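Hi there,

I'm handing this structure over to you, and my notes follow below it. Have a look at it first, then read on.

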Amino acid sequence: MMTILLEVVVLTLLLSIPAGMAVPLSSFYSFGSGANDTLLPPNNDDSSPSITLPAPFLFFGTSYSTVSVNNNGYLSFSWSGALVEPYLCDVDTRGTGSVWYRITQNATL
């Protein structure tokens, strides 16, 4: 059996942070329209449309073929409640901030 390393989604949340605590953008992987990422429209508590993955994603013994990106920092794999919550917080991007996402098979990300 061949193990496929699949980097499912790189999720970058940009929030307003006081200047003394800011992490320089050069510390992040490139992102945004110049990196062919998709912008989640400004919203409060909303998700992207269902995104078909290029390969199945095995999560706790269940294989998933689609994912949705939520602006509150989590990924959902189905309506059954399967979630990955790496950046879970209450984010409202209707005023400022943005959520970008991409599907990639680049293992270095």
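S78 sits in the loop between β5 (74-76) and β6; strands here are DSSP runs of E with at least two residues, numbered from the N terminus. This is a predicted model, where local features need pLDDT of at least 70, side-chain atom pairs count only at pLDDT 80 or more, and totals for chains, interfaces and linings use all residues. Residues are numbered from 1 along each chain as its sequence is written, and side-chain values use heavy atoms, with hydrogens and water left out.

Is S78 buried or exposed? Neither: S78 is partly exposed, because its relative accessible area is 27% (buried is under 20%, exposed over 50%, partly exposed in between, with a 1.4 Å probe and protein chains only). Between S78 and Y64 there are 7.8 Å from C-alpha to C-alpha, though they are 14 residues apart in sequence.

Y64 is also one of the contacts (heavy atoms within 4.5 Å) of F59, along with F77, A82, L83 and V84, leaving aside neighbours within four places in sequence.

F59 leads us to the largest nonpolar core (buried Ala, Val, Leu, Ile, Met, Phe, Trp, Tyr and Cys residues joined through side-chain atoms within 4.5 Å). Of its 13 residues, F59, V67, V69 and F77 touch the most other members. Two or more residues each come from β3 (51-59), β4 (62-70) and β7, and β3 gives the largest share, 4 residues.

Finally, T93 lies in the loop between β6 (83-84) and β7 (98-103). T93 counts as buried because its relative accessibility is 5%.

Enjoy exploring!
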